[in-house]
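User: I would like a close look at one part of this structure, namely its salt bridges. Please take me through them slowly, as I am new to the subject.

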Amino acid sequence: MSNPESISHIIAKQRFFFGQGSTLTLQSRKKRLEALDQAITRHEKTIFDALALDLGKSPEEALLTEIREVKKEIRFTLKHLSSWMKSRSVPTPITLFGSKSRIQPQPLGTVLIIAPWNYPFNLSLMPLIPALAAGNTVIMKPSEMAPATSAILAKIISDAFLPEEVALVEGGIPETTELLSQAFDHIFFTGGEAVGRIVMEAATRHLTPVTLELGGKSPALVAADAHVELAAKRIVWGKFMNAGQTCVAPDYVLVEEGILPQFIKALKKYIAAFYGETPGKSPFYGRIISERHFDRLLALLENQHILVGGIFDRKERFLAPTVLGDVSAESPVMQEEIFGPILPLIPVSDMESAIRFVQNRPKPLALYVFTEDRAFCEKVLRETTSGGACVNDTLVHLSSHHLPFGGVGPSGMGAYHGKEGFRTFSHYKSIVKTSTRLDLPLRYPPYPRWFRHLMNRI
Ligand code: NAD
């Protein structure tokens, strides 16, 4: 499905389906989530194969970061959906005497989800779950850069749903451009800042609300009093998972000078422990998505002081876990989101300068602070702005259903995961229900002379 007629046709079919109330009941919403869950289970083997083909992802990592997260989200949503769907009574002011007030969540209608390639399974389906839970019909556009995963997603969607419930459009820029020319009730976009602007601009034409899940340079701050071994271990884990192609990967490290040698030693130790002396042979180390990204990453290594790694194989799109020492804030590697297995270290004389460094840059998607000093940790959290944050860890805030996930400023707008996702894909309608038994005459003109006096008093 890739021409404008068929896209507008499918939207029209979805709108008709939605208009009939087919997505509204708790039962029908649960049925869709269960159908998705079952289709994923049926195709699990092909999902593993696709992720290995697209990103060299091991089944273990695919399970940990893609399939299990999606299944967990479905289970959590099924458990809480009926309470999320309930309307909530709120107090009614005395001026509306004889009325009752409530807030009722309602689906938005037909929504568009556009996904990136780095966690191509997770980031296509994680927004689909709340979109369905909230009672919407959905058009999905996975990334063309992960073609094997896009193909298996198409299979899963057509297995589990009628096209009027969920339809998947495969393709790249032309198909997305076609989709963006249509009027949707919400657009949920995950990807880079540049395309985020294109999506937002297209959405303004129809005044469509958007959620933008973008990226940026997420810093890690390592203070002199940190548990250095664990800091290095958790930074290596968060950085080199998926070969650094993670939106919340620690992009660079601000580390206090005094502990630099010890920190570098620990980084080397854990890179070797996780991926062996020849990471190219590790079944747990991924590949760069495309030659274009591979070449972009290699260019970032030019004129840099390589402390670890730097080894590559273009044919395999393999770049070893790489650590750069003494990186200048002006170097190209510090100008853009790295989105690959390169970790620049920037020594700082004290942690005050680390805070200033972060404050002087665009607000990141995540921030990681490593310290044993509770007061300093609170100071960092208070004085810096980021989408999310972890103390003494990396990435893990993403896996909690109870924490909204999203960026701030240039790292994104809006959030999802758990109930926050349901909220994102719902409209909260304010309703006043007024009794017909009572009809106070005062609100209607002509108003008596003492009316203004009374209004000023109540
Ligand atoms: P991207 O912005 O290049 O592509 C995302 C989607 O937009 C794809 O489906 C693609 O087909 C489409 N697209 C690309 N160019 C387009 C154009 N000109 N017009 C219309 N549509 C277009 O992003 P990517 O390279 O797939 O992913 C990497 C970026 O995504 C990184 O910046 C990363 O930080 C960010 N990201 C953010 C999150 C998050 O949850 N916040 C998660 C993963 C990735």
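To begin with one partner, does R68 count as buried, partly exposed or exposed?

Analyst: In this predicted model, R68 counts as partly exposed, at 39% relative accessibility. R68 forms a salt bridge with E69, and the closest N and O atoms of the two are 3.8 Å apart. E69, however, counts as buried, because its relative accessibility is 11% and the cut-off for buried is under 20%. As a general point, side chains of opposite charge can pair when their charged atoms come close.

This pair belongs to a wider set, for the structure holds 22 salt bridges. Among them is the one in which the side chains of D159 and R42 meet, with 3.8 Å from N to O. D159 lies in helix α6 (residues 147-160) and R42 in helix α2 (residues 26-42), so this salt bridge ties together parts that are 117 residues apart in sequence. Of these two partners, D159 is partly exposed, with a relative accessible area of 33%, whereas R42 is exposed, with a relative accessible area of 52%.

Another salt bridge brings together the side chains of E336 and R296, at 2.9 Å from N to O. Here too distant parts of the chain are linked, since E336 sits in the loop between β13 (322-325) and β14 (342-348), while R296 belongs to helix α11 (residues 291-300), 40 residues apart. E336 is partly exposed, and its relative accessible area is 32%. Finally, E352, R356, K379 and E383 are joined into one network by salt bridges that share partners.

Methods
Residues numbered from 1 in each chain as written. Predicted model: local features only at pLDDT ≥ 70, side-chain atom pairs only at ≥ 80, totals over all residues. Heavy atoms only, no water. Salt bridge = Lys/Arg side-chain N within 4 Å of Asp/Glu carboxyl O. Helix = DSSP H or I, 4+ residues; strand = E, 2+ residues; numbered from the N terminus. Buried < 20%, exposed > 50% of the residue type's maximum accessible area, 1.4 Å probe, protein only.
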